[in-house]
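Work through the following exercises with the sequence and the structure side by side. Try each task before reading its solution.

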Amino acid sequence: MVCQCQCSTGINYDLIDRIIEKYQGQEGSLIPILHEVQQVVGYLPEEVQAYIAEKLEVPLSEIYGVVSFYSLFSTKPKGKFKVSVCLGTACYVKGSGQVLSELEKQLGIRVGETTDDGMFTLEACRCLGACGLAPVLTVNDNVHGRLTTDDVTDIIKKYKNL
Ligand code: FES
């Protein structure tokens, strides 16, 4: 039996229920349900996957299969700040690969990981549509452009102090 309340896990199962109810009886609703649940919970831990499986009366293995197949889903909590480095062509030729390596070095994590203090999640992405500012990264919704590896320390410091 999985948790039905907002207990020590901090997961709001009432909200999850409402999302599931919204899609009740609709074909192909698993991915939109998982997507919306991830938006409210922040990620899709196993207990949440089990809860959704029970509610939808589908095997947990089916939920797990979808969650692990699509990179948009995460089973681990994301950091307060999502740092996304553009590896699109314009950015890559202007050194975004080096910027990414410097971030990995200074944050002590690899792409897809989150720092132990829960502050930063590091990601790589395709063209952000800001090629004129290449190389570009975003921190949540903020765009930082024309970067060099020398900018990395200041960017990390800026968000650490927020
Ligand atoms: S290639 Fe990076 S913003 Fe377009």
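The exercises below concern a predicted model, and each is followed by a solution in steps.

**Exercise 1. The chain as a whole**

Describe the secondary structure of the chain, the order of its elements along the sequence, and the box that its C-alpha atoms fill.

Solution. Begin by listing the elements: the chain has 7 helices and 4 strands. Next, follow them along the sequence, where they give the pattern α-α-α-α-β-α-α-β-β-β-α. Then turn to the dimensions, for which the C-alpha atoms fill a box of roughly 50 × 35 × 25 Å along the principal axes. Finally, consider burial and contacts: of the 162 residues in the chain, 22% are buried, and among contacts between residues at least 6 apart in sequence, 58% join residues at least 24 apart.

**Exercise 2. Building the sheet**

Work out in which order the 4 strands of the sheet lie, and which strands stand at its edges.

Solution. Step one is to look at strand 1 (residues 81–86), which is joined to strand 2 (residues 120–125) by 6 bridges, the two strands running parallel. In this pairing, C86 stands opposite C125 of strand 2. Step two is to look for another partner of strand 1, and here 3 bridges join strand 1 to strand 3 (residues 137–139), with the two strands running antiparallel. In that pairing, V83 stands opposite V139 of strand 3.

Step three puts the strands together: the sheet is open, its order is 2-1-3-4, and its pairing is mixed. Strand 2 and strand 4 (142–144) each have a single partner strand and therefore stand at the edges, so that one side of each has no neighbour in the sheet. From one strand to the next the twist averages 20 degrees. The last step adds helix 6 (residues 96–107), which packs on the sheet and touches strand 1, strand 2 and strand 3, while its direction makes about 150 degrees with that of strand 1.

**Exercise 3. Helix 3 and its two contacts**

Decide how helix 3 is oriented to helix 1 and to helix 4, and name the residues that make each contact.

Solution. Take helix 1 (residues 13–22) to begin with: its axis comes within 11 Å of the axis of helix 3 (residues 46–56), and the two cross at roughly 40 degrees. An angle under 35 degrees would count as roughly parallel, and one of 65 to 115 degrees as roughly perpendicular. Because the angle fits neither range, helix 1 and helix 3 are oblique to each other. Their crossing is right-handed. On the side of helix 1 the contact involves Y13, I16 and I20, which meet Y51, I52, K55 and L56 in helix 3. Sorted by class, the residues of this contact are 6 nonpolar, no polar and 1 charged.

Now take helix 4 (residues 60–69), which packs against helix 3 at an angle of about 125 degrees, with the axes 8 Å apart. Helix 3 and helix 4 are therefore oblique to each other as well, and their crossing is right-handed. Helix 3 contributes Q49, A50, I52 and A53 to this contact, and helix 4 contributes L60, I63, Y64 and V67. These residues divide into 7 nonpolar, 1 polar and no charged.

**Exercise 4. Single residues in the backbone**

Find where E57, N140 and P135 lie, and state what is notable in the backbone at each of them.

Solution. E57 lies in the loop between helix 3 and helix 4, and although it is not a glycine, it has a positive phi of about 55 degrees. To judge its exposure, count the other C-beta atoms within 10 Å: there are 6, and E57 is therefore exposed. N140 lies in the loop between strand 3 and strand 4, and it too is not a glycine, yet it has a positive phi of about 50 degrees. With 11 C-beta neighbours inside 10 Å, N140 counts as exposed. P135, for its part, sits in the loop between strand 2 and strand 3, and the peptide bond from A134 to P135 is cis, with omega near -5 degrees.

**Exercise 5. A residue of helix 7**

Is Y159 buried, exposed or partly exposed, and which residues does it touch?

Solution. Locate Y159 in helix 7 (residues 152–160). It has 17 C-beta neighbours inside 10 Å, so it counts as partly exposed. Leaving aside residues up to four places away in sequence, Y159 touches F81 and V139.

Key: Residues are numbered from 1 along each chain as its sequence is written. This is a predicted model: local features need pLDDT of at least 70, side-chain atom pairs count only at pLDDT 80 or more; totals for chains, interfaces and linings use all residues. Two strands pair if DSSP finds at least two bridges between them. Axes are lines fitted to C-alpha atoms, for helices over the stretch in contact, and angles run from 0 to 180 degrees between N-to-C directions. Angles under 35 degrees count as roughly parallel, over 145 as roughly antiparallel, 65 to 115 as roughly perpendicular and the rest as oblique. A crossing is left-handed if the near helix is turned anticlockwise from the far one by less than a right angle, and right-handed if clockwise. Two residues are in contact if their C-beta atoms, placed from the backbone, lie within 7 Å. Ala, Val, Leu, Ile, Met, Phe, Trp, Tyr, Cys and Pro count as nonpolar, Asp, Glu, Lys and Arg as charged, and the others, Gly among them, as polar. A residue is buried if 20 or more other C-beta atoms lie within 10 Å of its own, exposed if 12 or fewer, and partly exposed in between; C-beta atoms are placed from the backbone.
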